[in-house]
Amino acid sequence: MDSFILRKAMVKDVRLIHELLMNEAATGEGVVLPRSYNDLYNRLRDFYVVEDDATRNIVGCCALAITWDNIAEIRSLVVSRPLRKQGWGRRLVEACVSEALTFGLFNVFTLTAKPEFFEKLGFSLVDQATLPQKVWADCLNCPKYPDQCNEVAMQLTF
Ligand SMILES: CC(C)(COP(=O)(O)OP(=O)(O)OC[C@H]1O[C@@H](n2cnc3c(N)ncnc32)[C@H](O)[C@@H]1OP(=O)(O)O)[C@@H](O)C(=O)NCCC(=O)NCCS
């Protein structure tokens with residue numbers, strides 16, 4: 001039987017996280033941005049991964065990035081296609097939300113093209129203008145901003 005492990009990312013995972021994000025970005029569906037190796041090493045502590053116990057491949061990832069004093073962002077969420085609709089996306093997001101709570105952060109947001117998925121996890125649509133100004137700076141650096149932006153802001157508050 002296949003078995004998978006959800007855990008914090010390790011340095012040895014960076015190449016496989018990079019590949020997972022690049023492969024998803026290459027589908028052209030425009031739901032995930034590719035991340036550079038430099039960025040992944042810098043932000044490695046943000047990441048949770050799902051590892052295939054048999055192959056040691058990384059088949060899912062998600063990051064929690066602290067934004068400001070009361071809010072963190074969920075980003076870079078990907079589950080590899082064969083593993084979808086088996087609860088791993090939910091488990092990855094729940095791990096990040098749980099980590100936010102341990103840091104004393106009671107608001108978690110995401111910019112997403114999949115609002116239906118995040119709704120199932122309790123997130124609600126919010127006006128992006130209510131998010132910290134820093135979030136807008138990230139938008140300015142996004143290649144899809146502003147005309148091709150297909151994302152909405154969603155937030156979960158405790
Ligand atoms: C979105 C994604 C992470 C979901 O992962 P997953 O492992 O298939 O999700 P789960 O199996 O945990 O699904 C949790 C719930 O959301 C639902 N769901 C999953 N994908 C969905 C989608 N695209 N639209 C609506 N609902 C969805 C599931 O049916 C499930 O509902 P249930 O609890 O009522 O059974 C995965 O499809 C993916 O990697 N997509 C490409 C990258 C992407 O879109 N990332 C999101 C960034 S914005």
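## Exercises on a predicted model with a ligand

In this predicted model, the end C-alpha atoms of residues 4–158 lie 29 Å apart, and the span is 31% helix and 30% strand.

**Exercise 1.** State which residues UniProt lists for "domain: N-acetyltransferase".

*Solution.* The unreviewed UniProt entry gives residues 4–158 for this domain. For that span, helix makes up 31% and strand 30%.

**Exercise 2.** Locate the ligand and describe the shell of residues around it.

*Solution.* Step 1: the ligand sits in the largest pocket. Step 2: two or more residues of the shell come from each of β4 (71–79), α3 (88–102) and α4 (115–120). Step 3: the ligand is surrounded by 19 residues, and the closest are Val79, Lys85, Gly87, Arg90 and Lys114. Step 4: sorted by type, the shell holds eight nonpolar, four polar and seven charged residues.

**Exercise 3.** Find the distances from ligand oxygen atoms to backbone atoms of Lys85, Gln86 and Gly87, and test them against the polar-contact cut-off of 3.5 Å.

*Solution.* Step 1: a polar backbone atom of Lys85 is 2.7 Å from an oxygen atom of the ligand. Step 2: for Gln86, a backbone N or O atom lies 3.2 Å from a ligand oxygen. Step 3: for Gly87, the distance from a backbone N or O atom to an oxygen atom of the ligand is 2.8 Å. Step 4: a polar contact is a pair of N or O atoms within 3.5 Å, so the Gln86 pair at 3.2 Å counts as one.

**Exercise 4.** Give the share of the ligand's accessible area that the protein covers.

*Solution.* On its own, the ligand has 900 Å² of accessible area, of which the protein covers 79%.

Methods:
Residues numbered from 1 in each chain as written. Predicted model: local features only at pLDDT ≥ 70, side-chain atom pairs only at ≥ 80, totals over all residues. Heavy atoms only, no water. Near = heavy atom within 4 Å. Polar contact = N/O pair within 3.5 Å; in protein donor to acceptor, adjacent residues only side chain to side chain. Areas by Shrake-Rupley, 256 points an atom, 1.4 Å probe, with all protein chains shown as cover. 1 Å grid on protein atoms, 1.4 Å probe; cavity = no way out; pocket = protein on both sides within 12 Å on 5 of 7 lines; lining within 4 Å. Sits in = over half its atoms within 2 Å of the grid points. Helix = DSSP H or I, 4+ residues; strand = E, 2+ residues; numbered from the N terminus. Nonpolar A, V, L, I, M, F, W, Y, C, P; charged D, E, K, R; others polar. UniProt positions renumbered as here; feature names shortened; annotations may be inferred.
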